[in-house]
Amino acid sequence: MDITPGTGHSGTGHPANGTHHLALAAQLSEVAFGLFHASALRAVTVHRVADHLAGGPLQPDELARRAGLHGPTLRRLLRLLATRGVFQEDGDGAFGLTPAAELLRTDVPGSAHSGMIWLTEEVFRRSATGFEDALRTGETPFDAAYGMPFFDYLHTDAEAQTRFDTGMAAMSGPEDEVVAEAYTFPATGTVVDVGGGRGGLLRAVLTRNPGLSGVLFDQEQTVAAHLLDVKETAGRWRTDAGSFFEAVTPGGDVYLLKHILHDWNDEDCLRILRAIRAAIAPGGTLLAVDAILPPGNDPHFAKGLDLIMLACLRGRERTEEEFRALLGEAGFRVSRVIATETFASIVEAVAE
């Protein structure tokens, strides 16, 4: 018998169908186990277990010997991760790499190693425990846990800032190439990457479009570690440091905002967008690269990402309608939305 709200329950408040009840409880337990999946992933990533499997599957004890770890504990963590397609156990009990686990290697193109280290940082786990209070107060859990906003915290901890920059670059690398390919840039002109981090996207754009020049705009300590000094972009780029809340490099033809707007609430987004609007000529182009929340209950990366924003920042993921309204208020008209092969879309807007 199906269990629907208000029906199919006994007088004790329990579902009448015991088997169905157990299945639902198991489903809830799988959600609750998420903490342990993330912790196991972090542990094997920190210890570079995937690197030791590059030559093929190994028995847990031998793998542990090579990595300097405890064999029985390693086996149990790998067994859990294998249920999520990260590593796989063969019929003889040896563990090997899956396509997902390959990305945990430190020596492969597009390695996700640094990205997974960052995403499983203590700051996220500690912030997520604050959801209980956030439901009552609406306050950002990170601020309550650390006594300051997220980006202010990074300014006080140089190592955390480096891990953030490195992790973002690792996760964005493959996405940068996809975004650069998905959009037809003008043959000539200047592209300004606002809040562009270490410049991965700008490098991809300039490499694919030899007639363009570019400016990487971000905080001084971030642009100092830029990735632009490659032969494909020689002589066509420069860096500029500052706060995008105050002013950005003027005179660009195309302005990029990749995964910036989702970090901030609408008020702060308008400060950023108005700074860009003041720097761009009428008819100039703004490309906002961000996830777009789809309707319905199907899984989507943006829905998980939205919880990171809720836990640590004051921003959120947005629907297409919300992007149109936000950009319109800042003096831009959305001309089209381009889906990419990644979870992110390109929102093209024209300065009016």
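Trainee: At roughly what angle do the axes of helix α15 and helix α17 cross?
Mentor: Keep in mind that this is a predicted model. Helix α15 covers residues 266-279 and helix α17 covers residues 320-329. Their axes come within 9 Å and cross at roughly 50°.

Trainee: Are α15 and α17 parallel, perpendicular or oblique to each other?
Mentor: Their axes cross at roughly 50°. Angles under 35 degrees count as roughly parallel, and 65 to 115 as roughly perpendicular. The pair fits neither group, so α15 and α17 are oblique.

Trainee: Is the crossing of α15 and α17 left-handed or right-handed?
Mentor: Here we look at how one helix passes the other. The way α15 passes α17 is right-handed.

Trainee: Which are the edge strands of the open sheet?
Mentor: Good one to trace by eye! Seven strands form this open sheet, with mixed pairing, in the order β5-β4-β3-β6-β7-β9-β8. An edge strand pairs on one side only, and that holds for β5 (237-241) and β8 (332-339).

Trainee: By how much are neighbouring strands of this sheet turned against each other on average?
Mentor: The sheet is an open one of seven strands. With direction ignored, the average turn between neighbouring strands is 20°.

Trainee: Which residue in β4 is the bridge partner of Val194?
Mentor: Strand β3 spans residues 189-194, and β4 spans residues 212-218. The two pair in the parallel sense over six bridges. In β4, Val194 has as its bridge partner Phe217.

Trainee: What accessible area do Phe33, Leu35 and Phe36 have together?
Mentor: One of these residues, Phe36, lies in helix α2 (residues 34-46). Phe33, Leu35 and Phe36 form a nonpolar patch on the surface, and their accessible area together is about 310 Å².

Terms used
Residues are numbered from 1 along each chain as its sequence is written. This is a predicted model: local features need pLDDT of at least 70, side-chain atom pairs count only at pLDDT 80 or more; totals for chains, interfaces and linings use all residues. Side-chain values use heavy atoms; hydrogens and water are left out. Patches are made of residues with over 30% relative accessible area and no salt bridge: like charges are joined within 9 Å, nonpolar side chains (Val, Leu, Ile, Met, Phe, Trp, Tyr) within 5 Å. Accessible areas come from the Shrake-Rupley method with a 1.4 Å probe; for residues, only the protein chains shown count as cover. A salt bridge is a side-chain nitrogen of Lys or Arg within 4 Å of a carboxyl oxygen of Asp or Glu. Helices (H or I, at least four residues) and strands (E, at least two) are DSSP runs, numbered from the N terminus. Two strands pair if DSSP finds at least two bridges between them. Axes are lines fitted to C-alpha atoms, for helices over the stretch in contact, and angles run from 0 to 180 degrees between N-to-C directions. Angles under 35 degrees count as roughly parallel, over 145 as roughly antiparallel, 65 to 115 as roughly perpendicular and the rest as oblique. A crossing is left-handed if the near helix is turned anticlockwise from the far one by less than a right angle, and right-handed if clockwise.
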